[in-house]
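Could you look over the notes below on the pockets and one sheet of this model?

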Amino acid sequence: MRLGAAWGLLAAAAALSGCGLGAGRTPSAIRLTITEGFGRHPLRELASPRAAGEQTVMRLLLANTRVSTRYGGGFVQSIEGLSGTSASGGPVDWFYYVNGVEASDGAAAHRVYPGDRIWWDRHGWAAAMRVPAVVGSFPEPFRHGLGGKRLPVRVECARGARIACTEVADRLVALGVPAARGGLGLPTGARTLRVLVGLLAELGSDPALASLMRGPASSGVYARPDRAGRRLTLLDDRGRPTAELRQGGGLIAATRSGDGAPVWLVAGTDAEGLRQAVAQWREASLHDRFAIAVAPGAQIVPLPPARP
């Protein structure tokens, strides 16, 4: 069991008295997802989980799954019979995400709002103690935002990516998400959801891509672009290279710095790779994925890739 650094596993003291909240209006249109192995193995998918009154993430979990806790109910030990552990491959624990963002507070303290997608995943953290943002709850956080507040959305376009950028923005608009468009690097608020669209080589000056270049321990994304942006190295859950994408390689990923809004990337090693990535900018391709790479031939590679 990961203590202290295990964001999302610590339930606040409210867990000792029914996991908080309870009375009040039940949040509508919520979803509860439970997976294992960075989303590769689905366990439960509840489009209409049982809920009565105001909810916390812990209260929702307890009402809909088999859960065991430790330390007086303060920590999630197991869900559906699967526990955190520390095996030869490194530590494994449960983590939770709300609208694609890893929570930094306890499950019993985190309130559920209408439209929230709650996702618990059991995975190892040998290579990255945190995965601060994931793409698998798309179209969240674009539709309902974070903490019950919808956030402004800005699609930032690299030079030469006008067609790709238009398609990304148009798909958001079709989902009911107003999306402003502009160039890279223009000032935005810390609570603006940014989507960077373009070749990896053209996005290199953005701090989000710099984070990816430093590896999963920095970005939470199990893929590392080279400095020229022409090669994308895919990494397994221990941070070890498994494959390289060069011509025709695409990437859709999200990362986050501090308490700011997530930054998403829809990018390619070249024009064909960018085109392939944009083609997968949809819920069916991103569902329950932490991030995806797109190999030539439109082959989707979930990140981190499964070990052989």
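The points below take the sheet and its helices, then the two pockets.

1. This is a predicted model, in which local features need pLDDT of at least 70 and side-chain atom pairs count only at pLDDT 80 or more, while totals for chains, interfaces and linings use all residues. Residues are numbered from 1 along each chain as its sequence is written, and side-chain values use heavy atoms, with hydrogens and water left out.

2. An open sheet of 7 strands runs in the order β11-β10-β12-β17-β16-β18-β19 with mixed pairing (strands are DSSP runs of E, at least two residues, and helices runs of H or I, at least four, numbered from the N terminus; two strands pair if DSSP finds at least two bridges between them). Its edge strands, each pairing on one side only, are β11 (179-183) and β19 (299-303).

3. Strand β10 (residues 153-157) pairs with β11 in the parallel sense over 5 bridges, and R154 stands opposite A180 in β11.

4. The largest pocket (an open set of points on a 1 Å grid over the protein atoms alone, where a 1.4 Å probe fits, with protein on both sides within 12 Å along at least five of seven lines; lining residues have an atom within 4 Å of a point) is lined by 17 residues, of which R194, P207, A208, S257 and V263 lie nearest its centre. Helix α3 (residues 207-213) gives the most to this lining, with 3 residues.

5. The second largest pocket is lined by 18 residues, with V92, H123, G124, D237 and R307 nearest its centre; β7 (90-98) and β9 (117-124) each supply at least two residues of that lining.
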